[in-house]
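Biologist: I would like to learn how to read the features of a protein model, taking them one at a time. Could you walk me through this one, giving the general idea before each case?

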Amino acid sequence: MLGDINSIATVAVRDLNQASRFYESILGLTPIAREGDQVVTYRTGDCALNVYVSTYAGTNLATSVTWNVGDRLASIVRSLRDKGVTFEHYDMPGMEREGDIHRCGELHVAWFKDPDGNIMNLVNG
(Lines give C-alpha, C1' and ligand atoms only; values in the text may rest on other atoms or scores of the structure.)
Protein backbone atom coordinates (compact mmCIF):
# COMPACT_ATOMS: atom_id res chain seq x y z
CA MET A 1 0.00 0.00 0.00
CA LEU A 2 2.69 2.57 0.96
CA GLY A 3 5.71 0.93 -0.68
CA ASP A 4 5.66 3.14 -3.77
CA ILE A 5 5.03 6.44 -1.95
CA ASN A 6 7.90 8.68 -0.77
CA SER A 7 8.14 9.24 2.97
CA ILE A 8 9.21 12.37 4.84
CA ALA A 9 11.46 12.31 7.90
CA THR A 10 10.27 14.51 10.77
CA VAL A 11 12.46 15.98 13.52
CA ALA A 12 11.29 17.90 16.58
CA VAL A 13 13.29 20.94 17.76
CA ARG A 14 12.92 23.50 20.56
CA ASP A 15 14.20 26.58 18.71
CA LEU A 16 13.39 26.71 15.00
CA ASN A 17 15.82 29.55 14.28
CA GLN A 18 18.75 27.72 15.89
CA ALA A 19 17.76 24.50 14.13
CA SER A 20 17.46 26.30 10.79
CA ARG A 21 21.00 27.62 11.11
CA PHE A 22 22.27 24.07 11.75
CA TYR A 23 20.29 22.39 8.96
CA GLU A 24 21.10 25.10 6.42
CA SER A 25 24.62 26.29 7.32
CA ILE A 26 26.12 23.06 8.65
CA LEU A 27 24.24 20.34 6.75
CA GLY A 28 23.69 22.41 3.60
CA LEU A 29 19.96 21.72 3.26
CA THR A 30 17.73 24.09 1.31
CA PRO A 31 14.36 25.13 2.76
CA ILE A 32 11.46 24.55 0.38
CA ALA A 33 8.59 25.63 2.64
CA ARG A 34 8.07 27.41 5.93
CA GLU A 35 4.95 27.57 8.07
CA GLY A 36 5.48 30.60 10.27
CA ASP A 37 7.75 29.94 13.22
CA GLN A 38 6.61 26.33 13.64
CA VAL A 39 7.78 24.23 10.67
CA VAL A 40 10.48 24.31 7.99
CA THR A 41 10.59 21.70 5.24
CA TYR A 42 13.94 20.98 3.62
CA ARG A 43 14.79 19.27 0.35
CA THR A 44 17.12 16.33 0.85
CA GLY A 45 17.75 14.39 -2.34
CA ASP A 46 14.40 13.31 -3.79
CA CYS A 47 12.73 13.51 -0.38
CA ALA A 48 11.99 16.05 2.31
CA LEU A 49 12.75 16.62 5.98
CA ASN A 50 10.24 18.40 8.21
CA VAL A 51 11.72 20.24 11.18
CA TYR A 52 9.06 21.40 13.62
CA VAL A 53 8.81 22.98 17.07
CA SER A 54 7.87 20.62 19.89
CA THR A 55 8.29 20.44 23.65
CA TYR A 56 9.39 16.82 23.07
CA ALA A 57 12.42 17.82 21.01
CA GLY A 58 15.49 15.68 21.52
CA THR A 59 13.73 12.97 23.53
CA ASN A 60 14.13 10.25 20.89
CA LEU A 61 17.10 8.07 21.85
CA ALA A 62 17.22 6.36 18.47
CA THR A 63 18.30 7.55 15.03
CA SER A 64 15.87 10.09 13.55
CA VAL A 65 17.31 10.63 10.07
CA THR A 66 19.69 8.59 7.88
CA TRP A 67 21.47 9.82 4.77
CA ASN A 68 22.82 7.18 2.38
CA VAL A 69 25.99 8.93 1.19
CA GLY A 70 27.71 6.01 -0.54
CA ASP A 71 31.46 6.29 -0.99
CA ARG A 72 31.42 9.95 0.10
CA LEU A 73 31.10 8.98 3.79
CA ALA A 74 34.67 9.82 4.87
CA SER A 75 34.75 13.15 3.03
CA ILE A 76 31.36 14.23 4.39
CA VAL A 77 32.42 13.28 7.93
CA ARG A 78 35.57 15.42 7.52
CA SER A 79 33.56 18.33 6.13
CA LEU A 80 31.02 18.23 8.96
CA ARG A 81 33.78 17.88 11.57
CA ASP A 82 35.45 20.97 10.05
CA LYS A 83 32.14 22.82 10.58
CA GLY A 84 32.12 21.88 14.26
CA VAL A 85 29.94 18.78 14.23
CA THR A 86 30.86 16.31 16.98
CA PHE A 87 30.35 12.68 16.09
CA GLU A 88 28.92 10.12 18.48
CA HIS A 89 30.83 6.95 19.32
CA TYR A 90 28.97 3.79 20.29
CA ASP A 91 30.18 0.42 21.54
CA MET A 92 28.16 -2.11 19.59
CA PRO A 93 28.75 -5.84 19.15
CA GLY A 94 30.50 -6.62 15.87
CA MET A 95 31.39 -2.99 15.16
CA GLU A 96 34.85 -1.51 15.07
CA ARG A 97 35.56 2.19 14.97
CA GLU A 98 38.07 3.99 12.82
CA GLY A 99 38.02 7.64 13.85
CA ASP A 100 34.40 8.75 13.73
CA ILE A 101 33.28 5.96 11.39
CA HIS A 102 31.91 2.69 12.75
CA ARG A 103 32.47 -0.39 10.59
CA CYS A 104 30.70 -3.73 10.53
CA GLY A 105 31.85 -5.60 7.44
CA GLU A 106 30.79 -3.58 4.41
CA LEU A 107 28.51 -1.32 6.48
CA HIS A 108 30.13 1.98 7.50
CA VAL A 109 28.20 4.45 9.67
CA ALA A 110 28.81 7.79 11.40
CA TRP A 111 26.37 9.25 13.94
CA PHE A 112 25.96 12.88 15.06
CA LYS A 113 23.35 15.02 16.79
CA ASP A 114 21.60 18.25 15.89
CA PRO A 115 21.50 21.09 18.47
CA ASP A 116 18.44 19.50 20.16
CA GLY A 117 20.09 16.11 20.52
CA ASN A 118 18.26 14.38 17.66
CA ILE A 119 20.44 11.52 16.45
CA MET A 120 21.27 11.44 12.75
CA ASN A 121 23.56 9.22 10.75
CA LEU A 122 25.44 8.88 7.53
CA VAL A 123 25.76 5.43 6.00
CA ASN A 124 27.71 4.14 3.03
CA GLY A 125 25.01 1.68 2.01
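**Reading a predicted model**

Modeller: Let us begin with a single contact: the side chain of His 102 has a polar atom that lies 2.9 Å from the backbone nitrogen of Tyr 90. Please keep in mind throughout that this is a predicted model.

Biologist: Where is His 102 placed, and is His 102 buried or exposed?

Modeller: His 102 belongs to strand 8, which covers residues 101-104, and because its relative accessibility is 1%, His 102 counts as buried. Leaving out residues up to four places away in sequence, His 102 touches a list of residues that includes Glu 88, Tyr 90, Met 95, Val 109 and Trp 111.

Biologist: Let me turn to the nonpolar interior. How many residues does the largest nonpolar core have, and which have the most contacts inside it?

Modeller: A core of this kind is a set of buried nonpolar residues joined through their side-chain atoms. The largest one here has 27 residues, and those with the most contacts inside it are Tyr 23, Leu 27, Leu 49, Trp 67, Leu 80, Phe 112 and Leu 122. Several elements supply at least two residues each, among them strand 1 (8-13), helix 1 (16-26), helix 2 (73-82), strand 9 and strand 10, while the largest share, five residues, comes from helix 1. There is also a second, separate core of five residues, which includes Met 95, Val 109, Trp 111 and Val 123.

Biologist: Which residues of helix 1 are buried?

Modeller: The general idea is that an α-helix has 3.6 residues a turn, so residues three or four places apart point the same way. In helix 1, the buried residues are Leu 16, Ala 19, Ser 20, Phe 22, Tyr 23 and Ile 26. At the N-terminal end of helix 1, Asp 15 acts as a cap, with a side-chain oxygen 3.0 Å from the backbone nitrogen of Asn 17, and just after the helix Gly 28 takes a positive phi of about 75 degrees.

Biologist: How many aromatic pairs does a search of the whole structure find?

Modeller: A pair of aromatic rings is described by the distance of the centres and the angle of the planes. The search finds five such pairs. Trp 67 and Phe 112 form a stacked one, with 6.5 Å from centre to centre and 10 degrees between the planes; this pair links distant parts of the chain, since Trp 67 is in strand 5 and Phe 112 in strand 9, 45 residues apart. Phe 87 and Phe 112 form an edge-to-face pair, with 5.8 Å between the centres and 70 degrees between the planes. Elsewhere, ring pairs link Phe 22, Tyr 23 and Tyr 42 into a cluster.

Biologist: How many salt bridges does the structure hold, and which residue forms one with Arg 14?

Modeller: The structure holds four salt bridges. Arg 14 forms one with Asp 116, the closest N and O atoms being 3.1 Å apart, and the two partners, each in a loop, are 102 residues apart along the chain. Because its relative accessibility is 8%, Asp 116 counts as buried. In another salt bridge, the side chains of Arg 81 and Asp 100 meet at 2.8 Å, N to O; here Arg 81 counts as partly exposed because its relative accessibility is 39%, whereas Asp 100, at 13%, counts as buried.

Biologist: What surrounds a buried acidic residue that has no salt bridge, such as Asp 114?

Modeller: For Asp 114, the nearest side chain of opposite charge is that of Arg 14, which is 7.3 Å away, and a salt bridge would need a nitrogen and an oxygen within 4 Å. Asp 114 lies in the loop between strand 9 (107-113) and strand 10 (119-123). Its side chain makes a polar contact with the side chain of Tyr 23 at 2.6 Å, and a polar atom of that Asp 114 side chain lies 2.9 Å from the backbone nitrogen of Asp 116.

Biologist: As a last case, is Asp 37 buried or exposed?

Modeller: Asp 37 is exposed, because its relative accessible area is 55% and exposed means over 50%. Asp 37 sits in the loop between strand 2 (30-35) and strand 3, and its side chain makes a polar contact with the side chain of Gln 38 at 3.2 Å. Not counting residues up to four places away in sequence, Asp 37 touches Leu 16 and Val 53.

Technical notes
Residues are numbered from 1 along each chain as its sequence is written. This is a predicted model: local features need pLDDT of at least 70, side-chain atom pairs count only at pLDDT 80 or more; totals for chains, interfaces and linings use all residues. Side-chain values use heavy atoms; hydrogens and water are left out. Helices (H or I, at least four residues) and strands (E, at least two) are DSSP runs, numbered from the N terminus. Buried means under 20% relative accessible area, exposed over 50%, partly exposed in between (1.4 Å probe, protein chains only). Lys and Arg count as positive and Asp and Glu as negative; His and the chain ends are not counted. A polar contact is a pair of N or O atoms within 3.5 Å; within protein, one must be able to donate a hydrogen and the other to accept it, and residues adjacent in sequence count only if both atoms are side-chain atoms. A nonpolar core is a set of buried Ala, Val, Leu, Ile, Met, Phe, Trp, Tyr and Cys residues joined through side-chain atoms within 4.5 Å. Rings of Phe, Tyr and Trp (its six-membered ring) pair if their centres lie within 6.5 Å; planes under 30 degrees apart count as stacked, over 60 as edge-to-face and the rest as tilted. Contact means heavy atoms within 4.5 Å.
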